[in-house]
There are 2 protein chains.
Amino acid sequence: MYRDEHLSIEMTGSVEIDTRGLTLTRKEFELLAMLARNAGEIVPRNVLLSTVWGYCEGTRTRTLDVHIRRLRRKMGALGETYIQTVFGIGYRFERYRAPRPILTFSPVYSASA
Amino acid sequence: MYRDEHLSIEMTGSVEIDTRGLTLTRKEFELLAMLARNAGEIVPRNVLLSTVWGYCEGTRTRTLDVHIRRLRRKMGALGETYIQTVFGIGYRFERYRAPRPILTFSPVYSASA
DNA sequence: GCGACTTTTACAAGTTTTTTACAACTTGTG
DNA sequence: CACAAGTTGTAAAAAACTTGTAAAAGTCGC
């Protein structure tokens, strides 16, 4: 369902990060799945609350925040990287991007390429 | 049908654990068989209740739990090892894994291998 | 009816989810 | 910049839910 260098999320509910299996609860998994399905896009709070929780618009609750926190924590060092908060709107799952080496010269292509 | 170092489950209904024969009732056997057929996978409660019992979705009953318990008990020390509960979802039959010795050296392969 | 098996009941124990309360942060305005 | 208003982070308590367990009650075939 989602897979990159560090993280894999299976539809079956199993999640691995850096070969370490995460044990997520149902809600935690559904939340992560919802975000990952929309990787790169902002998912507004009210959308998460309605799809994952079935809450209707305008329900005042901190449940979402608490679940986000627990997800991030279980994901360890990469938690904040994968799950970004978009102030005043919602959250966004960001795909892992391998850090590029910083080029001090403009790249030169070898003849073999 | 299933066989490992400690446990064997025959389609005929006979089950042995560490050379000791278990006498399971029909429901107990069907439940174990259903789990073992899906070894390594989570089998949700409602799937077990519908395939083994023929109950339709949403039936509230503790029968499954009681049968799981009796199975585990009859299996003795390995009961909890083989039959794992996945909270909020169902149960999973886990294959026996021989404990690996901890390597203090990196393994060296002999010429005979 | 008896015996073996299955299901229900009732409560204990364990796990997850939600709420609460407050701290920390972001944003807009003068 | 300082402030206020609103939003999110966090820890811990409370509530809700799920599973474990023992024992009683129910079912079925002989």
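The paragraphs below lead through a predicted model, beginning with one helix of chain A, moving on to the two DNA strands and ending with a pair of loops.

A good place to start is helix H1 of chain A, which runs through residues 26-37, and whose 12 residues reach 16 Å from the first C-alpha to the last, close to the 16 Å expected at 1.5 Å a residue. Several residues of this helix are buried, namely A:Phe29, A:Leu31, A:Leu32, A:Ala33 and A:Leu35. What covers these buried residues includes, within chain A, the strands S2 (7-9), S5 (42-44), S6 (83-86) and S7 (90-93), together with the helices H2 (45-51) and H3.

Helix H3 of chain A deserves a closer look. Two packed helices are described by the angle between their axes and the distance between the axes. For H1(A) and H3(A) the angle is about 85 degrees, and the axes lie 10 Å apart. Because angles of 65 to 115 degrees count as roughly perpendicular, H1(A) and H3(A) are described as roughly perpendicular to each other. On the side of H1(A) the contact is made by A:Lys27, A:Glu28, A:Leu31 and A:Leu32, while H3(A) brings A:His67, A:Arg70 and A:Leu71. These contact residues divide into three nonpolar, one polar and three charged. Two of the H1(A) residues named here, A:Leu31 and A:Leu32, also belong to the buried residues of that helix.

The next step leads to the DNA. Around DNA strand C there are 21 residues, and the closest of them are A:Thr25, A:Lys27, B:Thr25, B:Lys27 and B:Arg62. The elements that give two or more residues to this surface are H1 and H3 of chain A together with H1 (26-37) and H3 of chain B. By class, the surface near DNA strand C has six nonpolar, seven polar and eight charged residues.

DNA strand D has 18 residues around it, of which A:Asp65, A:Thr85, A:Gly88, B:Asp65 and B:Thr85 come nearest. Here the elements that give two or more residues are helix H3 (63-75) of chain A and helix H3 (63-75) of chain B. The surface near DNA strand D divides into six nonpolar, four polar and eight charged residues.

Finally, a backbone detail can be found in each protein chain. A:Thr19, in the loop between strands S3 (15-17) and S4 (20-22) of chain A, has a phi near 65 degrees, a positive value in a residue other than glycine. B:Thr19 lies in the loop between strands S3 (15-17) and S4 (20-22) of chain B, and its phi, near 70 degrees, is likewise positive. A:Thr19 has 7 other C-beta atoms within 10 Å and is therefore exposed.

Methods: Residues numbered from 1 in each chain as written. Chains lettered and ligands numbered in written order. Predicted model: local features only at pLDDT ≥ 70, side-chain atom pairs only at ≥ 80, totals over all residues. Near = placed C-beta within 6 Å. Helix = DSSP H or I, 4+ residues; strand = E, 2+ residues; numbered from the N terminus. Nonpolar A, V, L, I, M, F, W, Y, C, P; charged D, E, K, R; others polar. Expected span 1.5 Å × (residues − 1). Buried ≥ 20, exposed ≤ 12 C-beta atoms within 10 Å, placed from the backbone. Contact = placed C-beta atoms within 7 Å. Axes fitted to C-alpha atoms, helices over the stretch in contact; angles between N-to-C directions. Parallel < 35°, antiparallel > 145°, perpendicular 65-115°, else oblique.
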